[in-house]
Amino acid sequence: MKPKILIIGGTSGIGLALAKAHEQQDWQVSVVGSSSYKINVLRPLFPNWQIIQCDVCDSIQLNDLLEKLSENAPYQRIIYAAGWYLNERRFDLNAADSLKMLAVNLQAFQTCFAWAARHVQAACGYTATLVCLSSVAGLVDYPYTSVYAQCKRAMWHTAAAYRSALLPNKINVLCVASGYVDTETLRQINGGNAQHKPFLISETRAVNEILAALNSGRDTAIFPKRMKYFIQIVNLLPKPYLNWLMKKNDKESR
Ligand SMILES: NC(=O)c1ccc[n+]([C@@H]2O[C@H](COP(=O)([O-])OP(=O)(O)OC[C@H]3O[C@@H](n4cnc5c(N)ncnc54)[C@H](OP(=O)(O)O)[C@@H]3O)[C@@H](O)[C@H]2O)c1
């Protein structure tokens, strides 16, 4: 019997790269995404995968998805990699974008993690593990960061709550906070090239960091190191200065 992994948000970017890495290690892979275009491209390439279309922002679709996935449970690893982000400036998200950002990055994550906690189980020599993809943006200790950063901060703390709660059940919870990863989506929202992003890393590097954290049973993975140290320094700045700096950056990016 093969170990089973479910990746919600596994049809592109980091989620897809993680799915491919697990297939190479002989896992049985299930992935979820909302775009039929991406799914139609993936199906012939990965005929052994279970690939399910679902918009996790739609509560009816999400309920149906979780019911369907329950039939295939338990999984040994469940990863919430679904995420939606823009080249966001703090004050110019419209109402619809803000709601979508909350729906994918926070509300659906909460629903999926609650379900995942009940459908993950150790087997085939693998510990039961839940994983979520937060971001270093969520580690900045400042109350007026972007909606995206606040969602990722909530994810970081939610993962910590699940980690404590699931300890007696021997379920690990890994929360990943990465800096910029050179995915197709990041390139798209930056006009086709994300090379100007500070401390940018490749998808392969991100996957290797996450796999290393999984293999060593770590609770958190913050990378790359230079970005981690940068955030630590930002968090040491006096709050009024940080406030001034954030406002200045915001004005300049308009
Ligand atoms: N790339 C970075 O620099 C970076 C840095 C830090 C953290 N992260 C986080 O890492 C995760 C992956 O990012 P990425 O760059 O790899 O992005 P990506 O390629 O756009 O991947 C996002 C995944 O989420 C799925 N998804 C988005 N909205 C969905 C919805 N409504 N319903 C179902 N699935 C949905 C996408 O599939 P569909 O498009 O088919 O819906 C896709 O599979 C995100 O959570 C992101 O916040 C990324």
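Which residue has a polar backbone atom 2.8 Å from an oxygen atom of the ligand? That residue is I14. Before going further, note that this is a predicted model.

I'll stay with the ligand for now. Besides the I14 contact, a backbone N or O atom of G9 sits 3.4 Å from a ligand oxygen. T183 contributes through its side chain: a polar atom there is 2.7 Å from an oxygen atom of the ligand. As for cover, the ligand on its own has 870 Å² of accessible area, and the protein covers 94% of that.

Now the shell around the ligand. The elements giving two or more residues to the shell are α1, β5, α5, which spans 147-166, and α6, which spans 184-188. Strand β5 supplies the largest share, three residues. In total, 31 residues surround the ligand, and the closest are S34, K38, Y85, Y148 and T185. Sorted by class, the shell holds 15 polar, 13 nonpolar and three charged residues.

Next, strand β7. This strand covers residues 220-223, and its side chains alternate between two faces. A221 and F223 point to one face and are buried. T220 and I222 point to the other face and are not buried. Strand β6, residues 171-178, runs parallel to β7, and four bridges join the two. In one of the pairings, A177 has I222 of β7 as its bridge partner.

Right after that strand comes a backbone feature. F223 and P224 are joined by a cis peptide bond, with omega about -5 degrees. P224 lies in the loop between β7 and α8, the latter being residues 225-236. Another cis peptide bond joins A73 and P74, with omega about 5 degrees. P74 is in the loop that connects α3, residues 59-72, with β4, residues 77-80.

Last, positive phi values. D26 is not a glycine, yet its phi is positive, near 70 degrees. The residue is in the loop between α1, residues 13-24, and β2, residues 28-33. Is D26 buried, exposed or partly exposed? D26 counts as partly exposed because its relative accessibility is 45%.

C124 is also not a glycine and has a positive phi, about 55 degrees. Its place is the loop between α4, residues 95-118, and β5, residues 128-135. With a relative accessible area of 34%, C124 is partly exposed.

To go back to the start: the backbone contact from I14 to the ligand oxygen is the 2.8 Å one, and the side-chain contact from T183 is at 2.7 Å.

How values were computed. Residues numbered from 1 in each chain as written. Predicted model: local features only at pLDDT ≥ 70, side-chain atom pairs only at ≥ 80, totals over all residues. Heavy atoms only, no water. Buried < 20%, exposed > 50% of the residue type's maximum accessible area, 1.4 Å probe, protein only. Pairing = 2+ DSSP bridges. Near = heavy atom within 4 Å. Polar contact = N/O pair within 3.5 Å; in protein donor to acceptor, adjacent residues only side chain to side chain. Areas by Shrake-Rupley, 256 points an atom, 1.4 Å probe, with all protein chains shown as cover. Nonpolar A, V, L, I, M, F, W, Y, C, P; charged D, E, K, R; others polar.
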